[in-house]
Amino acid sequence: MSEDVEDVTGAVVAALVAEDTDVIFALMGDGNVDLLARTATGTDITLVHACHEQGAVAMADGYARFSGRPGVASVTHGPGLSNTATSLLTAAAARSGVVLLAPDTPTGDLDHPQRFDQRGFVGAAGAYFRPLHRPGTVYTDTAAVFRHVRAGRGPAVLNAPTDVMHARLPAGTGSYEPSAAPPSPPPPDPRLVAEAAAALTAARRPAILVGRGVAPGGGATAVGDLADLLAAPIATTLKAKGLLAHHARHLGVAGGLGSGRAGRVLAEADCVLVLGASANQWTTDGGTVLSGGTVVQVDRDGEAIGRHSAADLAVVGDAAATAGALCALIGGTGRPAPDEWTVPDGPDQFVPAAPGTSPVHPRLAVEALDAVLPEDRLLVVDAGHFGSYAQQTLRSWDPRRYAFTHDFGAIGQALGVAIGAAVACPGERVTAVLGDGCLMMSLSELSTVVRYHIPLTLFVMNDGGYGQERHSLTAKGLPDTEAWHAWPDIGDVARGFGIPAHCIRSVRDLDLLQTLPETTGPVLFDVHIDPEPRNPAFAEIAHRLGGAALRQPPST
């Protein structure tokens, strides 16, 4: 940027421009008012004003997930930063590329009413904290934050006292140099690739588990080619949902929130190649599905290998590049085509839903939504018991266009993430599936939806309270009274914000979803679901989190 920048605030604005920032999700306060005003008047960067700081960071999270670029948010110091806690923790758990510009109270003002340990707070949230204490380091500090995010390490916070932000820039500070792209990982060790190839070709029932470490495109193509060479079925993690969905060997998502068939094939395989996936307890049913055969794990991060499930052979390197190397090695051997192996049968993960129910069975509700959404859908799913049905049922064909927000186990994140997704994909409709409790937690951001004319479909699965807590209380033999809530009419609330709303109380009312393809602006469907069904997979997940009483047989 030019040498005529006079102060640190101007230098931060110049850095944002140089980093090709096109939007900042913000909530204005004393600490960031100058930064935002000067950004609005002196650049082409768009400001999206949230109603709550948690919403601003959730929007930046959604923007990062759906654009593949840093999502920038700005809040003020003290309570402005503390209000971001849950969204910042969620972004950290998802390793989402959020850059948070968070000023601090003035240096030396120990009696400032908004003073608190912002470094400790950010560190506790799992985000990278970069202090900007001297005017002359503004470019170095800002570049470090963007470099951290671009390397895929999760959110980063640039923290500068307001007196430093207002300070003049020292002479000779120079211009901002945008953060460089992260270096490519080293190629995998050829000796280890050869060992992996030998293990895979010797297997009678090989299988492949793919995570988000394999990007759509050429990397995914290499994995598909390898699967064909090995006659190996493909399972994905939930975070890679939709990757290779059109491949003939694709079985869907492994784990409780995916396809039961994918989990069974991993359990029956005598060699599983894990590509760019952590193979955590949720994907592997507590590690049980990878306990019967040889596990070959490939990841660019050596520390990630074996962290959750033991690996018999560890290959450090880019997962897609390693898949390509395996293809070249195995395909060049002239070996005969391997025999197909039969994917084991077993009970379906999905419990059949009784038709004609009123309220609507949750599985029937999401099946009806899935039927009307286009293949190139943009989809965000919130957390909660209702979400287990949505995760299992709603399809994806591209993991870059699909997100779930329960990385930190919090509810109420989907609305903000969906707004960010819509800003990242202008002109496209985003569908957010959330519970009634999720909506009530983030209700104020409906105003943001209207203010910016977001083309958003809100599919609210309304069971009149907190479903999982109700099931947990019942399983423990306790009254569930406190988990029921008499919300205001959600449709009326949406209309009060200026959002058209439809109420679905029975299976017949699901026909209202047929109007969706012609909808142009925001719309809300208040879907009254049957509160009684308990998803067996979610009951098992809750048990694994410590709910021992959930061992009782689930209802359908």
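Begin with the whole surface: the accessible surface of the protein comes to about 22,300 Å², and 53% of that area belongs to carbon and sulfur atoms, with areas taken from the Shrake-Rupley method with a 1.4 Å probe, where for residues only the protein chains shown count as cover. What you see is a predicted model, in which local features need pLDDT of at least 70 and side-chain atom pairs count only at pLDDT 80 or more, while totals for chains, interfaces and linings use all residues. Residues are numbered from 1 along each chain as its sequence is written, and side-chain values use heavy atoms, with hydrogens and water left out.

**The whole protein**

Stay with the full view and turn it along its principal axes, where the C-alpha atoms fill a box of roughly 70 × 60 × 45 Å. For 556 residues a compact globule would have a radius of gyration near 24 Å, and the protein, at 25 Å, agrees with this; the radius is taken over C-alpha atoms, and the globule rule is 2.2 Å times the number of residues to the power 0.38. A cartoon display brings up 20 helices and 18 strands, which are DSSP runs numbered from the N terminus (helices H or I of at least four residues, strands E of at least two). Of the 556 residues, 56% are buried, where buried means under 20% relative accessible area, exposed over 50% and partly exposed in between (1.4 Å probe, protein chains only).

**Strand S18 and its partners**

Next select residues 523-528, which form strand S18, a mostly covered strand with six of its six residues buried. Show the side chains and you will find Val 523, Phe 525 and Val 527 pointing one way, with Leu 524, Asp 526 and His 528 pointing the other way. Which strands pair with S18 in the parallel sense? Strand S16 does so over six bridges, with Thr 457 standing opposite Val 523, and strand S17 (residues 501-504) also runs parallel to S18, joined to it by four bridges. Here Ile 504 has Val 527 as its bridge partner in S18; two strands count as paired if DSSP finds at least two bridges between them.

**Aromatic rings around helix H18**

Now select Tyr 466 and Trp 487, remembering that the structure holds four aromatic pairs. The ring centres of Tyr 466 and Trp 487 are 6.0 Å apart and their planes stand at 90 degrees, so this pair is edge-to-face. Rings of Phe, Tyr and Trp (its six-membered ring) pair if their centres lie within 6.5 Å, and planes under 30 degrees apart count as stacked, over 60 as edge-to-face and the rest as tilted. Tyr 466 lies in the loop between S16 (456-462) and helix H18 (467-475), and Trp 487 in the loop between H18 and helix H19 (490-497), so the pair ties together parts that are 21 residues apart in sequence. Tyr 466 is partly exposed at 24% relative accessible area, and Trp 487 is partly exposed at 22%.

Add Arg 470 and Trp 484 to the view: Arg 470 lies over the face of Trp 484, at 3.9 Å from the ring centre, a charge being over a ring if NZ of Lys or CZ of Arg is within 6 Å of the ring centre and within 35 degrees of the ring normal.

**Two last stops**

Gly 467, in helix H18, is buried at 9% relative accessibility. Finish at Ser 442, in the loop between helix H16 (436-441) and helix H17 (446-451), which is buried with a relative accessible area of 9%.
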